[in-house]
Amino acid sequence: MILNAHTYFSLRYGTLSPDQLAAVLKASGYTAVALTDINNTSCAFQFQEACRKLDIRSVPGIEFRQDNKLLYVGIARNLEGWRQLNALLSKHSIEGTPLPVIAPQMPDTYIIYRSLPKVMEDFAENEFFGIAPEEANGLHSSPMRKFVNKLVVWSAVTFKDPEGFKVHKLLRCIDLNIVIGKLTPQDCASPTELPISPEQISAVFHAWPQIVERTRLLLEDCFVTLESGLGLNRQTFTGRKEDDLKLLYKLALNGCKRRYGAEQEQALARTHKELKVIDRLGFCAYFLITWDIIRYARSAGYFHVGRGSGANSIVAYNLGITDVDPMELDLYFERFINPHRTSPPDFDIDFSWDERDDVTDYIFKRYGMEHTALLGTYNTFKGKSIIRELGKVLGLPKDDIDSIVEQPFATEKHHPYAKHIFRYGKLIEGFPNYLSIHAGGILIAEKPIHYHTAQQMMPKGFPIVHFDMYGAEDLGYHKYDVLSQRGLGHIKESVDIIYRNQGREVNVHDIARIKQDERVRSLLRSGSCIGCFYIESPAMRGLLTKLACDNYVHLVAASSIIRPGVAKSGMMREYIQRFHKPDSIRYLHPIFEKHLGETFGVMVYQEDVMKIVHHFAGLDLDESDVLRRIMTGKKKSSDTFFQLQQKFFRNCKERGYSDALTNEVWRQVESFSGYSFCKAHSASFAVESFQSLYLKAYYPKEFMVAVINNFGGFYSTELYVHEARMCGAQIEAPCVNHSDYLTNIYGERIFIGFVHMQHLERKVAHAIVRERHQHGPYRHLEDFVRRVDISQEQLTILIRIGAFRFTGMSKCSLMWEKNAFYEQAQAQVGHMALFEEEEIHYDLPALEELPQDQAFDEIEILGFPLCPPFDLIDTRPQDKLIYADDMKRYNGKQVSMLGYYVTRKPVTTIKRELMAFGTWVDERGRFFDSTHFPPEFKKFPFKGSGCYLIKGKIVPDFDFPSLEVSYMEKLPYVKDGRY
């Protein structure tokens with residue numbers, strides 16, 4: 001008879017997980033309960049399933065609050081009532097309006113108030129007032145006794161014991177951002193919101209048995225079984241399943257002919273085989289909706305990449321959803337879809353970061369706002385954030401909190417309250433903190449989405465559901481992952497910039513030709529991949545060089561083995577060794593050689609694990625995928641796992657394998673499955689990498705401009721500007737007559753965009769460009785000030801960066817001139833002169849500028865100099881220096897090198913000591929790498945951006961040289977003479 005139970009999805013209020021709440025209620029003797037989380041419906045299905053296992057009947061509801069004030073509780077009588085409650089909560093979130101103080105008419109619900117927004121005579125048939133157990137005795141003298149037929153038992157459950165009440169109070173303080181001493185009783189639940197038995201409730205209400213009975217009947221009248229299963233998803237694309245199947249067959253078979261030619265019987269046979277499985281499992285609409293999304297994107301001129309396990313499907317390839325040929329790479333469809341998989345499939349579709357929202361908007365409008373929503377995700381309390389939050393609640397100074405965070409084991413340095421922080425921090429660890437937006441998951445439901453969940457509006461303008469991807473999977477939803485990435489942005493923008501600068505139309509979709517292009521393969525082999533998607537990091541460029549990687553298949557492998565799990569296991573190094581010495585490989589069994597020859601016997605991919613389990617032990621491919629998935633996750637104690645494990649060993653015995661061989665293969669399968677990567681995923685990334693390489697090989701300057709404009713790469717803007725210079729571009733500082741908001745290129749000259757100027761306001765940057773486009777170039781400084789509404793401070797920034805150098809005047813002269821006419825000229829902004837006014841010339845004092853002044857202004861305004869940074873070194877070292885190109889000639893020798901800091905990667909050794917790998921640019925603009933072992937890393941630390949003298953020994957690793965550092969010193973720049 002509980003009408004008001006909370007889980008910890010009553011955010012920063014509840015203290016119990018759905019499973020814990022169900023167990024607590026069962027232990028208290030309850031057989032029916034209403035779950036009414038505060039403005040939240042996240043765990044309605046999860047709680048229903050937890051209760052079902054314990055023979056408790058759960059009813060979903062919502063506790064509606066506005067600004068922490070309880071308005072009323074709504075309990076669903078049936079599924080329609082659940083929809084009405086969800087619709088009410090969603091409406092006010094989406095519209096951004098307050099919830100009504102009086103509940104609107106929702107005939108399929110029960111509404112329970114705890115304060116009176118209207119007189120009880122006006123209560124509707126489904127409206128009641130809740131009386132808490134501690135209030136029962138006072139009913140005799142209360143006016144409420146006249147309306148006893150409108151009273152129900154209000155026995156709320158928020159925590160299970162007094163300790164839980166303390167946790168609740170801490171959560172309320174975090175929510176309100178106050179210290180514990182300022183928490184009032186109105187801010188939190190009553191300490192009586194503990195589970196009490198039905199017998200205790202009956203005893204407390206012994207004088208009012210009709211209230212208890214009415215509460216029981218109210219719950220008994222509620223019958224809601226929340227739906228689950230694949231039927232929740234939109235069932236058709238055309239409106240009829242039969243028509244969906246016909247359309248999918250037509251598109252897939254036509255696409256097969258287009259992709260492979262009319263005579264490719266093997267591809268055609270696989271297409272037919274996949275179509276039968278897709279039809280049998282009911283996924284025709286899923287494929288067609290994904291195809292429709294891609295079709296819209298192409299019609300709008302957007303690039304996309306279809307990746308993830310969906311690229312294992314030839315039907316997806318034929319439909320143009322992916323550009324990975326599963327026949328070429330021997331990809332198994334069963335990795336994506338098979339009858340044994342409990343989780344629904346999902347395609348990952350990447351769009352450019354500036355186009356994804358438009359695609360999302362199309363999906364909402366095409367499939368209806370009532371049926372479409374983005375997936376949510378929960379940020380949970382964890383780690384350092386818990387310590388900081390509880391530290392603030394307990395009123396600790398920031399220094400004391402920092403000490404606990406940074407040195408958690410140094411208890412002697414901690415504030416006395418630290419022990420309480422750790423104790424209660426452990427209790428709230430993993431609690432959901434706030435609902436956020438999933439990276440790109442979209443749900444399209446058959447029924448209106450409010451039959452399953454409420455929605456919350458997000459700043460992007462799209463509503464999200466209240467559950468995350470795991471909740472969606474439990475319910476049976478398959479999601480459409482519409483994601484964004486910067487790599488696609490720079491490919492698309494490169495094509496546009498090439499057309500503007502050279503008038504050439506470039507086709508980056510002829511992947512087969514690009515993969516065979518010798519210039520592209522040469523760039524890949526040399527590791528010259530700065531700016532290229534997924535392959536530009538120092539570790540990846542080093543790996544490509546060590547493997548002399550120059551083809552698609554090897555790049556797919558490299559994209560997988562670079563991942564942390566493979567590298568940490570030692571298999572990345574093993575792979576490189578086998579690559580260089582293939583004749584020394586001893587395969588466990590001929591099946592390994594046949595099916596893992598491409599990767600030299602190393603199970604690099606998840607598909608490799610499936611291959612061995614299937615071909616060596618004879619499990620079906622769908623069973624192999626299930627086994628792989630279980631090994632990757634946390635269900636090794638499941639019945640399915642033991643059944644498949646027994647089948648593996650039984651089949652091996654029947655095939656005559658020795659116990660030693662079988663055990664070793666099982667050991668490898670078990671260990672490899674923990675870090676292996678989806679081959680189709682790597683293959684999709686590799687396609688995009690080849691597109692980037694092609695653009696860099698043939699149009700390097702335009703390509704680098706696109707990389708600069710899309711941000712978000714591995715390196716800083718400075719590095720990409722440097723790379724553009726190495727590609728032959730002339731780099732220009734921002735200029736009011738040539739620069740746009742973003743960086744642009746005219747012929748060989750690249751003008752840095754205004755966006756990179758720190759403290760220059762966006763509206764000023766856009767005004768400069770807009771005025772120039774409308775009325776022509778600026779003739780001189782005074783002309784500029786007459787035409788652009790700009791403050792003196794903003795004008796000073798432009799002068800300092802050299803944006804008026806076209807005038808031929810020094811910056812000092814421009815500063816002097818600005819002061820002479822600024823006020824008068826600004827008064828004329830917006831008033832076009834009838835006649836062109838002559839520039840007034842002023843007699844200016846002689847002002848001297850030092851050679852490095854421009855570089856220091858650039859460092860302050862852009863964050864980096866446009867000249868070579870080595871020109872700023874105060875005193876050059878006397879050591880004999882070598883360059884990156886010389887390193888191989890000095891293998892094993894002590895050398896000195898001059899390097900400009902690019903990046904570093906800190907690493908913790910097995911002894912828990914810190915070391916690092918550094919990346920540098922030398923004076924000729926070439927990259928080189930360094931290794932800093934713990935003693936040297938501690939003795940000679942990195943000191944931020946700048947030029948360093950680095951000494952050490954050249955150590956080759958598979959013909960890739962690195963500098964093992966024994967000494968490092970940051971070199972001072974010349975004195976800044978501006979001040």
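## An open sheet and its edges

Asn4 stands opposite Ala156, a residue of strand S8, in what is a predicted model. The pairing to which these residues belong links strand S1, residues 2-5, with S8 through 2 bridges, and the two strands run parallel.

S1 and S8 are part of an open sheet of 8 strands, whose order is S7-S6-S5-S4-S3-S2-S1-S8 and whose pairing is mixed. The edges of this sheet are formed by strand S7 (151-153) and strand S8 (156-157), each of which pairs on one side only.

## Strand S4 and its two partners

Within the order of the sheet, S4 stands between S5 and S3, and the strand, which covers residues 69-76, is mostly covered, with 7 of its 8 residues buried. On one side, S4 is joined by 6 bridges to strand S3, residues 57-66, and the two run antiparallel; in this pairing, Arg65 stands opposite Leu70 of S4. The hairpin made by S3 and S4 has 2 residues between the strands, and Asp67 takes a positive phi near 50 degrees there.

The pairing of S4 with strand S5, residues 109-113, is also antiparallel and consists of 4 bridges. Here Ala76 has Thr109 of S5 as its bridge partner.

## The chain as a whole

Beyond this sheet, the chain as a whole can be described by a few totals. The chain has 36 helices and 24 strands, and its C-alpha atoms fill a box of roughly 100 × 90 × 65 Å when taken along the principal axes. Of the 979 residues in the chain, 56% are buried. Among contacts with a separation of 6 or more, 69% are between residues that lie 24 or more positions apart.

The chain exposes about 43500 Å², and carbon and sulfur atoms supply 51% of that area. As for charge, the chain carries 118 positive and 123 negative side chains, and the centres of these two sets lie 4 Å apart.

## Cysteines without a bond

A disulfide is a covalent bond between the sulfur atoms of two cysteines. The structure holds 0 disulfides, and two cysteines can serve to show the distances involved. For Cys256, the closest cysteine sulfur belongs to Cys284 and is 17 Å away, which is too far for a bond, given that a disulfide is counted when the two sulfur atoms are within 2.5 Å. For Cys812, the closest cysteine sulfur is that of Cys867, at 18 Å, so this pair too is too far apart for a bond.

How buried or exposed are these two residues, Cys256 and Cys812? Cys256 counts as buried because its relative accessibility is 2%, which falls under the 20% limit. Cys812, by contrast, is partly exposed, with a relative accessible area of 25%.

## Leu268 and its contacts

Leu268 lies in helix H8, which covers residues 265-281. Once its neighbours within four places in sequence are left aside, Leu268 is in contact with Leu253 and Cys256, and Cys256 is the buried cysteine described above. Leu268 and Leu253 are 15 residues apart in sequence, while their C-alpha atoms are 7.4 Å apart in space.

Leu268 itself counts as partly exposed because its relative accessibility is 35%, a value between the 20% and 50% limits. The contact with Cys256 therefore joins a partly exposed leucine to a buried cysteine.

How values were computed. Residues are numbered from 1 along each chain as its sequence is written. This is a predicted model: local features need pLDDT of at least 70, side-chain atom pairs count only at pLDDT 80 or more; totals for chains, interfaces and linings use all residues. Side-chain values use heavy atoms; hydrogens and water are left out. Buried means under 20% relative accessible area, exposed over 50%, partly exposed in between (1.4 Å probe, protein chains only). Two strands pair if DSSP finds at least two bridges between them. Contact means heavy atoms within 4.5 Å. Accessible areas come from the Shrake-Rupley method with a 1.4 Å probe; for residues, only the protein chains shown count as cover. Lys and Arg count as positive and Asp and Glu as negative; His and the chain ends are not counted. The place of a charge is taken as NZ of Lys, CZ of Arg, CG of Asp or CD of Glu.
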